[in-house]
Amino acid sequence: MKSQKLTPYLMVSPYILHLGFFVLFPIVFSVILMFHRWNIISPMEFVGFQNFVKLFQDRLFFQSILNTLIFLLIHIPLQIVIALFLAEMLNQKIRLRGLLRASYFLPVVISGVVVTIVWSQLYGQDTGLLNRILVNIGLPKVGWLIDPAIAMPSIAIMATWKNVGLYVVLFLVGLQSVPPQYYEAADIDGASHWQKFRYITIPAINPTIFMVVILSTIGGFSLFIEPYIMTSGGPLNSTVSAVLYIYKQAFTYYHMGYAAALGFFFAAIIMLFVFIQRKVIERD
Amino acid sequence: MKTSTIFCGGYLCSLLFYKKETAQRAVFTFLLIFGFTLIACNNDKNNDGSDFLQYWSSNNPYEIEFAEYIVGEWNRLNTEKKVFSQPVPEGRSSEEVILAAVVGKTTPDIYSNMWQGDVEFFARSGTLIPLDTLDGFLETLYQRCDSSVIDEITSADGHIYQIPWKINPIMLIYNVNLFKSVGYKKPPQTYSQFLDAGEKLHQDLDGDGYVDLWVGYSSILADWWQRFFDFYSLYLGASNGGKLIDQGKVVFNNQSAIAVFRFLQEVYKKGYFTKELLSARQDVFIEGFIASRFVGPWEVIHAEKFKKEGFDYHFRELPVPDSHSGPVYTYGDPKNIVIFNTCKNPQKAWNFLRYLISEENDFKLLEITTQLPRRKKLIKIKQFADYFEKNPKLKPFAIQAEHVRGTDVCAQLKEIFDVISQEYEACVIYDTKTPEEAINDAAEAAQVILN
C-alpha cells in the first residue's frame, strides 16, 4: 500500500528534479543575481538596486528593445499573411499538394545557423544574388545588411522565410477544422470568395490566429541567432536585439548581475505585451 | 563533483532498487554505486598533487600533436611526476571553456593557450598562480624575453601570472602578381600608397557592371575581437607599439589612432574594401578577389594547400602613416601558458613548463605548428635561422617577431575593444563621425569603463 502511494512520486521525480535544477533554480538564482555584481569567478557583491539604476540609464538596451519591436512589427504581420495565404492555397485540391506542404516546412527543420549563413550570401552588397537580380532589372542595389534602415527588415524577411512553414501547418489544421456546411450555406447566399474568407474563415480560425500571434511574438522576442551571426548587432546597432544585448552583457563582459536585471525587465515587457495582445484578440 | 556524482548514482540506484529487494538487484546496485564512487574519486585525482599533472593544450591538430610529443618525451625522461595532456574540451570558444572550468573548479594544472588579454581577468580573481614566486621562473623568463615583453605581461599587482609562449604576428599577405599589374613591384607600405593601389585595383574585371577586385578586406562586423586584426594592428604600427591603456588610464586619444581611423575611413568611403561579409564563401584571397589581407602565419599552411598554379603571394609589414619612421610594430596575437590555483604542486608544474619552453622544444613548436615562439632574437638563433631559410614564407614573420606587442594589462579589455569597435563602425564604415570625434568618444567611454 505504502509503495503504491510512493510510485507516482517516483515516476514524476525525474521531471520534478529537472524542473527544479534547470528552471526553478535559475529563476531564483537570477532574482538573487539582480541585486549583485558578479563576474562568475569572483565573489558576489551586493549592490542593491544599482543594476536597475544602470538599466534605466542604458540607452543601448532601450534601443535593443526598440529594434526587437521593429522586428516584431514587420515579422508578425508578414508571417501571418504569408502563412495564411500559403495555407489557404495548400488547402485547395491542387497538384503536388503533399510535396508543396513538405517544401514549405523544410526551412523550419534546417539549422538556423545554416539558413543565416546562406542568407548572408544572398544579401551581399556587391556579389549577393538579390542585388544582382535588382540591378539586372534596372533597380538600384539595396544595402540589405549594411544599411541601418534596411538591416532589421532584412532579418525579419529571412526569419519569416525560415519559420513560415510551421505556421502554414498550424493554419492548415485550423482551416481543415472549419465545417464545410458554412461554406455551402455561403455559396447558396451567393457570397464571394473574399466574403467567405472574411466572414467565415477568419472568425473560425481565430483561435489559431491567436496561437500564431502569441507563438511568433514570443519567438520574435527571443531573436538572437540571426543578428548574432549576420550582423553582430550592426550596422550602427540597428539589429542589436534585446536578447543579443543581454547575452553580450552576460557572456562577453561577464556582468551577470546586470544581465539578470536586464533579463527580468525584458521578461516583464514580454509578459505585458502578450497580455495586451491577448486582451485585444479576445475582444475582437 | 564527488558529491554530485555519488548523488546521481545513488538516485539511479534507488529507482532500480526501490520495489523488490532481490539479491540480483542488490548486487547490481552495489556495483553501480561503486562505479559512480570510483568515477567521482577519479575526477579529482589530477588535483591531489600525487599522481600526475594535467595539461590542456589548444585543440587544433598541430598543437595536439606538439603536446603529445612534449608530454611523451617528458614522461619518458622523468619518472618523478608524469604529465597527462588533453586538448581543451570543445566549446564555443576556449575562453568560455576555461571560464566554465574555473567556476566548476575543474581547471587543469597547466593551460597553454591562454589569450594574453584574458590573463588579468583571471589573475584578479585569484585563479592563477603568480609564477614569479616559483624558483627559477624569473631567471628563465629574463633569458627568454626582453624587458618590454616582461613589462607587457606584468600584472597590475606586480606579479607575473603567464609565460609568454607563442605569437602569430599580424602582417599583410599580398598577391604579388596583382600588385605588379598596377605597377607595384612591392606592395604599398604607406597609407598614401595603399590608397593609390586601392584606386588602381578597384576594378570590374569581367565587365558585368560589378566590382570584383578590391585591394583588401577586413570584416565590418562590430565584434570586439575583429579590431585586433585591423584597427589595433595598424594602431601599433602607427604609434611604434603604443599602448591603449596604461595604468588604468586611456592613452589612445592620440594622432596615431586618429590617423588609422582616417585611413580606413577613406578606404571604405572610396570602396577599396568591400563591406560584404565574405567569410562564408570561397577564400577571396586565393581566388583573386582581393589583393591583400591582414593575417597571421597560419595563412601559410592554408595558402600552400589551396593555392592554384601560378599564384604567388608573400608577406610584409602593415601599412603605416606617410610620416612614419622606425620599425613597424604589429599585434602579435600572443597565447601564453598559465598554472591554475587548483594545481597542488606548482613548482613541479613549472619544472615541466621549463622543459616545454626550452629552446629545443620551441623549435619543435615551430616545426610542428608553424607558430612562432615568443623568444628574443629568434631570427638570430642558428637552428631557427636555418629553418626560416628553408621556409621563406615564414621568414617575414620571424623578422616581424622582433616588433610585436600583445595586449595591455586590463581586466575590462573586451569592453574597451567593444567601445572602440562601436566607434570604428560609426566612423570608418558608415562615416557618421569624424575620426577625431570617434576616437574622442571611444576614449571617454573607455575611461568610464575603467573608472
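# Helix packing, chain contact and domain layout in a two-chain model

The crossing of helix 3 of chain A and helix 10 of chain A is right-handed. The structure is a predicted model. Helix 3 of chain A covers residues 59–90 and helix 10 of chain A covers residues 206–221; their axes cross at roughly 145° and come within 10 Å. On the side of helix 3 of chain A, the contact is formed by A:Thr68, A:Phe71, A:Leu72, A:His75, A:Ile76, A:Gln79, A:Ile80 and A:Ala83. Helix 10 of chain A contributes A:Ile209, A:Val212, A:Val213, A:Ser216, A:Thr217, A:Gly220 and A:Phe221. Classified by residue type, this contact has nine nonpolar and six polar residues, and no charged residues.

A second helix pair in chain A consists of helix 4 (residues 97–109) and helix 7 (residues 151–176), which pack at an angle of about 125° with their axes 7 Å apart. Helix 4 of chain A is therefore oblique to helix 7 of chain A. Their crossing is left-handed. From helix 4 of chain A, the residues in contact are A:Tyr104, A:Phe105, A:Leu106, A:Pro107 and A:Val108. Those from helix 7 of chain A include A:Trp161, A:Lys162, A:Asn163 and A:Val164. Ten residues of this contact are nonpolar, two are polar and one is charged.

The two helix pairs are set out below.

| Helix pair | Axis angle | Axis separation |
|---|---|---|
| Helix 3 of chain A and helix 10 of chain A | roughly 145° | within 10 Å |
| Helix 4 of chain A and helix 7 of chain A | about 125° | 7 Å |

Attention now turns to the contact of the two chains. Chain B supplies 25 residues to this contact and chain A supplies 22 residues. On the side of chain B that touches chain A, helix 4 (94–103) and helix 17 (413–429) of chain B each provide at least two residues. Helix 17 of chain B has the largest share of that side, with four residues. The side of chain B that touches chain A comprises 13 nonpolar, four polar and eight charged residues.

Chain B itself is divided into domain 1 (2–43), domain 2 (46–169 + 333–405) and domain 3 (171–331 + 412–450). Between domain 2 of chain B and domain 3 of chain B, the C-alpha centres are 29 Å apart. Their contact involves 15 residues from domain 2 of chain B and 18 residues from domain 3 of chain B. On the side of domain 2 of chain B that touches domain 3 of chain B, helix 16 (395–400) and strand 13 (404–405) of chain B each supply at least two residues. Helix 16 of chain B gives the most to that side, namely three residues. By class, the same side of domain 2 of chain B has six nonpolar, six polar and three charged residues.

Chain B also contains an open sheet of three strands in the order 8-5-9, with antiparallel pairing. Strand 8 (292–295) and strand 9 (313–316) of chain B each have a single partner strand and stand at the edges, so one side of each lacks a neighbour in the sheet. With direction ignored, neighbouring strands of this sheet are turned by 30° against each other on average. Four bridges link strand 5 (residues 171–175) of chain B to strand 8 of chain B in the antiparallel sense. B:Leu172 has B:Phe294, in strand 8 of chain B, as its bridge partner.

Conventions
Residues are numbered from 1 along each chain as its sequence is written. Chains are lettered from A and ligands numbered from 1 in the order in which they are written. This is a predicted model: local features need pLDDT of at least 70, side-chain atom pairs count only at pLDDT 80 or more; totals for chains, interfaces and linings use all residues. Axes are lines fitted to C-alpha atoms, for helices over the stretch in contact, and angles run from 0 to 180 degrees between N-to-C directions. Angles under 35 degrees count as roughly parallel, over 145 as roughly antiparallel, 65 to 115 as roughly perpendicular and the rest as oblique. A crossing is left-handed if the near helix is turned anticlockwise from the far one by less than a right angle, and right-handed if clockwise. Two residues are in contact if their C-beta atoms, placed from the backbone, lie within 7 Å. Ala, Val, Leu, Ile, Met, Phe, Trp, Tyr, Cys and Pro count as nonpolar, Asp, Glu, Lys and Arg as charged, and the others, Gly among them, as polar. Domain bounds come from an automatic or database domain assignment. Two strands pair if DSSP finds at least two bridges between them.
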